[in-house]
Amino acid sequence: MDTIKLTIDNREIEVEKGTTIFQAAKQMGIDIPALCYMKLDNLGVENRPGGCRICVVEVEGRRNLAPSCSTVCTPGMVVHTHTMRVINARRTVLELILSDHPKDCLVCPKNGRCELQDLAARLGIREIHSVENAAVSTYKKDTSPSLKRDMDKCVMCRRCETMCNDVQSVGALSAVNRGFMAVVAPAFEQRLVDSNCTFCGQCVAVCPTGALTEVDHTGRIIQALMDPTKKVVVQTAPAVRAALGEEFGMEPGTLVTGKMVAALRRLGFDEVFDTDFAADLTIMEEGTELLDRLGRFLGGDKTVKLPILTSCCPAWVNFFEHNYPDMLDVPSSAKSPQQMFGAIAKTYFAEKIGVDRKDLVVVSVMPCLAKKYECQRDEFKVDGNPDVDFSISTRELASLIKSANIDFLSLPDEEFDAPLGESTGAAVIFGATGGVIEAAVRTAYEIYTGKKLDRIDFKELRGLDGIRHATIDFNGTPINIGIAHTLGNARKLLDGMRAGMYNFHAIEIMACPGGCIGGAGQPFHHGDSSVIKARMDAIYREDAGKKIRKSHENPYIIKLYEEFLGHPMSEKAHHLLHTHYFDKHD
Amino acid sequence: MPNYKMSLLCCGGTGCRASESVRIVERLREEIAAAGMDNDVQVVVTGCFGFCEQGPIVKVIPDNTFYTNVKPEDAEEIVKEHVVKGRKVTRLLYEDPDTKKHISDSKHMGFYQKQLRIALRNCGFINPENIDEYIARDGYEALAKVLQGTPQEAIETVKKSGLRGRGGGGFPTGLKWEIASKSPGPEKYVVCNADEGDPGAFMDRSILESDPNSVIEAMAICGYCIGASKGLVYIRAEYPLAVKRLQIAMRQARDYGLLGDDILGSGFNFDIEIRYGAGAFVCGEETALIHSMEGKRGEPTVKPPFPAESGYLGKPTNVNNVETFANIPVIFLKGSEWFASIGTEKSKGTKVFALAGKINNVGLIEVPMGTTLREVIYDIGGGIKGGKEFKAVQTGGPSGGCLTKKHLDTPIDYDNLTAAGSMMGSGGMIVMDEDDCMVSVAKFYLQFTVDESCGKCAPCRIGNKRLEEILDKITKGKGTMEDLDYLKNLSKVIKDTALCGLGQTSPNPVLSTLDNFYDEYVAHIVDKRCPAHKCRALRVYAIDPDRCKGCTACARACPAGAIKGEVKQAHVIDTEKCIRCGACFDKCKFNAVIVQ
Amino acid sequence: MSKIKSLDELRQMKARLESEMDIREKSNNPDKLVQIRVAMATCGIAAGARAVMNSIIERVEREKLPVIVTQGGCMGYCYAEPTIEVKRPGEDPVVFGHVNADKAMEIIDKYVLHGELVDGILPVNYQTIQEKI
């Protein structure tokens, strides 16, 4: 390792060549304030446009101040991180940023968790010099089913742009306009719904201010819970239980399944169900579809499309509808667990309890913002009534719990309600990248080979590498599996596949880093990849602790097929549990 | 080819074309044909002569007669009198502003006497659309010579010449080439920065319009030196004539094998492509320029890495400005010692300036480094228009500073201008007289940088806007002395923290006017008075009772009903009601309305 | 158009092209050159000034003489046309009258190149147009 020596704040340090001043200072425990800077270790992504100029430091011999985030250390460099010249510059620049920022902190969605607010407190800003009627840059508000843009609050940190372009390769967001009116927006300042935005929400996940936030449905949920004529049921996605605790100060990776169920019950939901149940159902349908296609393919049917692509992730569905319209028949036609749950709840369950679907409100708690978009897609409605009425994020659930004065930490562990609350370990791992395909393999293997698996953990499918592949031996038949998380990696994988680089039978794709555990509706992890890792461990821990770990062994799933659906891919299953895709390419 | 006995050189630069020089050329050719002299007399369209104040220019060769302010209808007289009969058309000759004598030969005009033309050597002399004329003037000989030696030798020559970047930064050109040549990589690029953006500046445009081959030749030399086979000219689309001439020159150079594969039998391959800019000022900054060429948003990135290490498409890239390139062939033809003998200790050679503002001889000039501001303004520029008093000169474009009388004897070079609180910049030079309000001048430049900021970094995006707002407040008489402190602090912080050269220099007009014209700021704030009477909100109109004839014109023109008075008696302005629109001032035929 | 393949070829080409630019090059440094002005008013042309001028220009170009040839208006010596005025660097101009092509060659051989005066000098009793201006 090539190293160099330099001096920061009168202390000498030896760092790896190429290290920035900011990182070198961090290694010494010196915390340089910054705003636009963001480093996502697990993605190898560093956002350092050098735009906010808050992290400037004094470098001896240099005429002006240096942005520490993007200035590489040189041998013998002498750096001062907190001189009066530096402090004055930081305060003056922050004051400028605040002078062009709305002062509505009290009702801002980011109130209390805003990086700009924190910074203003840290640098002790008490006054903003400005002339009477000083200009402020204002922009049209933009609300989509998932995301809200209030770009008056944009500080041009460009993190969202980095996520949208570099990480997700979606390219919906970029800087537009010049100078004082410069802002990040879709091309031509279109609305997000008119752009090729996938609603993955990774922009929201990194926005330091209230410029990009999720559409808040907590008010609608309260209204529904207040309404005596409505029966309100809730489903919770697997990744939620691995992260919700963070909102209440618990360590990342703490599983709070039981407390979450208890809290939902106290909030007044009539039934507390589990999306995991629908995840098991997804495996039944998707796994069967895989085996069907695989069987025909191995039998020499040239018309069959392989690999099969998973379709649980709504941002990924949006992504291929926009970018790969020629491949609409390649992904599995199985609906996502959220929508399968909605379809079953408003038919099977509604019939069971004798409630009209219009009086049954289905709420989902998701780690995801694209789910908000998904549940209002027209094909998931019957006579205008959606299968899933509202989708709220992990963060929104935490906010509901807090506003109801529920002491989350001291709640007892409670169990999900039957019949839609029972699930297997296979369903739990849906929350992590590689989990869906592992769950599918557990079931497909046993059905295909007719043999019991002697091992249930497929560790070769796990991990945080962006693109992974593995070959699973289906009793002599090698099944090639590809996995990608983040849409940028998905694009690489698909383009590589088109170029003939890969030969896969099945591919799992998740739009968010780490899969749903890193979803945009989760508690903010501020780019700390150890948080993602801890949540992932929690997911696999929950799986390992489950009595039943294969979807096809879920007794309630078996019962559902017996009582209602018949068999996987039956006509009824097709009608309720499968969907089709649209060409959204401009 | 015919041996012409006489040539009429007619300026085909953008400025003169706007004054019908194309029509003048047509008319001259018609008249010459009518006189049956087409085989004896040729009409040559050249690039800019520089003396734009007096354009369109027609220069008669061989007797060097310099006709000024020529109109198409003058063509007949020029041909019938001068060409046929040999009698000069006196009324079209330049009149010396001091002696009031006509001067026929441009060499005897003050405007040209102190100039030394290196970068502009062929401007106004050759036909830019004919490569033969460039070759006849030793064109491409420098390239041929360089190709016979090693790149290291050529780089050494450029280094020894002391040439520094003419685009504003003043970075030693030879060193820049050396760094790019040492950057590893099989694929490198030579970029010519023709994104000239300073208001009123047209040095680069003129060179490309008048002598495009000098830039092409220099780019090829640079390509050989750094190991690049591809050149890119980034030029603003608002320069259609420069683009056209460059395209013609490139085509002709390719035909002669001076661009393309195996140039001059040396085995060296080099060709050039033109890339169009949309005219954003910030795209003159080299990293922003590169991003723009890559199809990305034209905004700068933090340096290092410098383009020489990672530039266009991440490849080592050498970016030089048009004027810098135009100097290169001469350095090889005349030697680095010759070049280094011109100029000052640390600034060698000459510099082209676009003279503008309140000066008699507006135009494009080239002077040796070390020439004083006084020589430029008075000897070449012919002094201040209308005999007014010199107040300040703004150098370095919108981010330069305003220099005053005390700087007039400063020899112009990179270091002296910087030390005086301004900068060389790309060569804009705007002269101001006693009627210019320095607070308004600072505000004007800030408006420009606010308009042209890319918005990437906070100090430039928001800070410049705030500077502009405070300056505006002061010009409206609403400023406070605390504003001045904040103005100063904010300016310093912006300089200290902005990302690129644009932001780091944008407060210069504020700081230099605060330094040199502090009293003027104070007058606006404390006395609510604009000493130059420029700031409308601070004007106080009054009527001189001795001059007022009582014609009532002013009272009728006043939209605020602020003027009272009987017919044929002196009128009075009620300053409380007056909205300072100036309508009375414009209306009064007797100069009775005065501004206090 | 043929490609230029070497420095030598470039120089040969330049030599060919130079003559066209010659008058412009010379006019750039007129003070160092001999200036010959041929009176080309109606009287001069009628007396054959154009032929004289052409012969001078041809000779100058052929031999690459440091001479700049211009045409002038009537010098007032109509009786002696064609007339030419010759100004050697740093010297006062001399006017020759009744110049034909042969006389012109003689003037070039002797006066222009070597400063030896020849017959036919007219007394100078006028200001040139240039001086007047």
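Select strand β11 of chain B, residues 350–357, which is joined to β12(B) by 6 bridges in an antiparallel arrangement; strands here are DSSP E runs of at least two residues and helices are H or I runs of at least four, numbered from the N terminus, and two strands pair if DSSP finds at least two bridges between them. Within this pairing, B:Val352 stands opposite B:Glu366 of β12(B).

This is a predicted model, in which local features need pLDDT of at least 70 and side-chain atom pairs count only at pLDDT 80 or more, while totals for chains, interfaces and linings use all residues. Residues are numbered from 1 along each chain as its sequence is written, and chains are lettered from A in the order in which they are written.

Next, extend the selection to the open sheet of 5 strands in chain B, with the order β12-β11-β15-β13-β14 and mixed pairing. Because β12 (363–368) and β14 (401–404) of chain B are the edge strands, each with a single partner, one side of each has no neighbour in the sheet.

Then add helix α15 of chain B, residues 373–380, which packs on the sheet and touches β11, β12, β13, β14 and β15 of chain B, contact meaning that C-beta atoms placed from the backbone lie within 7 Å.

Finally, show both chains: the contact takes 29 residues from chain B and 32 residues from chain A. On the side of chain B that touches chain A, the elements giving two or more residues are α17 (438–452), α18 (458–475) and α19 (481–497) of chain B, and α18(B) supplies the largest share, 10 residues.

How values were computed: Contact = placed C-beta atoms within 7 Å. Axes fitted to C-alpha atoms, helices over the stretch in contact; angles between N-to-C directions.
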